[in-house]
Amino acid sequence: QTLDAADLFDFLDRRLAARFVRRAADVPQRLAAFDWQPDAERRWRVNECYCHDSSWQAALAALVQRADLVLMDLRGFQAHNAGCRFELGVLAGAANLRRVVVLTDPSTDRVVAASDAAAAPAGRFAWIELPAERQLARREVARRVRAALAQTGDHDMRAAAHTALVS
């Protein structure tokens, strides 16, 4: 895991709890504080949303409602991963979502994952299997994800994905 400086300082100052959304009712306020526009260099900001068990499903629903595309890492996914299974169901049923690119590896239970995503419109999910050793170069992963996104035919989505993945 990677720990960024802001998280570290909040932890040391005993303010890490302030980063978490405690209640579902707090989700709209947290999302309103997000930076949704690219900067002058056309780079999209990373907006973090840490949630408790009581708020993550509401946060997911609100974020998916705004999303055009989603990148989901299901490497190591198994049938007992109830949260991921819930997320796949939400992504499958989302009204405005165009594309979901899912990273898998040989240990991913693709049968269960595909079953959980079966309600999605045809072509929404793109599955990319990565090797088990997890040593695939970042640029190669980015290339595969961009190729999956390119199938949408939407130039703006492809450009945004390229910026987000390669920058």
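**View 1. Strand E3 has two unlike faces.** In this predicted model, E3 has a covered face made of Val70 and Met72. Leu69, Leu71 and Asp73 form the uncovered face of E3. Strand E3 has a partner as well: five bridges join E3 to E4, and the two strands run parallel. To find one of these pairings, look at Asp73, whose bridge partner in E4 is Leu103.

**View 2. A helix joins the story of the two strands.** Together, E3, H4 and E4 make a right-handed β-α-β unit. The helix of this unit, H4, covers residues 82-93, twelve residues in total. From its first C-alpha to its last, H4 reaches 17 Å, close to the 16 Å expected at 1.5 Å a residue.

**View 3. Helix H4 has a buried side.** Which residues of H4 are buried? They are Leu88, Leu91 and Ala92. These residues cover an arc of only 100° around the axis, which puts them on the same side of H4. Turn to the face that points away from this buried side, and you meet the exposed residues Ala82 and Gly93. What covers the buried residues of H4? The cover includes two helices, H3 (56-66) and H5 (110-116), along with the strands E3 (69-73), E4 (99-104) and E5 (125-129).

**View 4. Helix H3 also keeps its buried residues on one side.** Here the buried residues are Ala59, Leu60 and Val64. Their arc around the axis is only 125°, which puts them on the same side of H3. Gln65 and Arg66, on the other side of H3, are exposed. Among the elements that cover the buried residues of H3 are helix H2 (27-32), strand E2 (50-51) and H4.

**View 5. Helices and strands share the largest nonpolar core.** This core has 19 residues. Those with the most contacts inside it are Leu74, Leu88, Leu91, Leu97, Val100 and Phe125. H3, E3, H4, E4 and H5 are the elements that give two or more residues to the core. Which element gives the largest share? That is H4, with three residues. For a closer look at one core member, pick Leu97: leaving aside neighbours within four places in sequence, Leu97 is in contact with Ala67, Asp68, Leu69, Val70, Leu91 and Arg124. There is also a second, separate core of nine residues, including Leu103, Ile128, Val145 and Ala148.

**View 6. Thr104 sits in strand E4 with many partners.** Is Thr104 buried or exposed? With a relative accessible area of 0%, Thr104 is buried, and it is found in strand E4. Setting aside neighbours within four places in sequence, the contacts of Thr104 are Leu74, Arg75, Arg110, Trp127, Ile128, Glu129 and Leu130.

**View 7. Stepping back shows the whole chain.** How many helices and strands are there in the protein chain? There are seven helices and five strands. Read from the N terminus on, the elements run α-β-α-β-α-β-α-β-α-β-α-α. The protein chain has 167 residues, and 30% of them count as buried. Finally, consider the contacts with a separation of 6 or more: residues 24 or more positions apart account for 72% of them.

Terms used:
Residues are numbered from 1 along each chain as its sequence is written. This is a predicted model: local features need pLDDT of at least 70, side-chain atom pairs count only at pLDDT 80 or more; totals for chains, interfaces and linings use all residues. Side-chain values use heavy atoms; hydrogens and water are left out. Helices (H or I, at least four residues) and strands (E, at least two) are DSSP runs, numbered from the N terminus. The expected span of a helix is 1.5 Å times one less than its number of residues. Buried means under 20% relative accessible area, exposed over 50%, partly exposed in between (1.4 Å probe, protein chains only). The arc is that of the directions from the helix axis to the C-beta atoms. Contact means heavy atoms within 4.5 Å. A nonpolar core is a set of buried Ala, Val, Leu, Ile, Met, Phe, Trp, Tyr and Cys residues joined through side-chain atoms within 4.5 Å. Two strands pair if DSSP finds at least two bridges between them. A crossover is right-handed if, with the strands pointing away from the viewer, the path from the first strand over the helix to the second runs clockwise.
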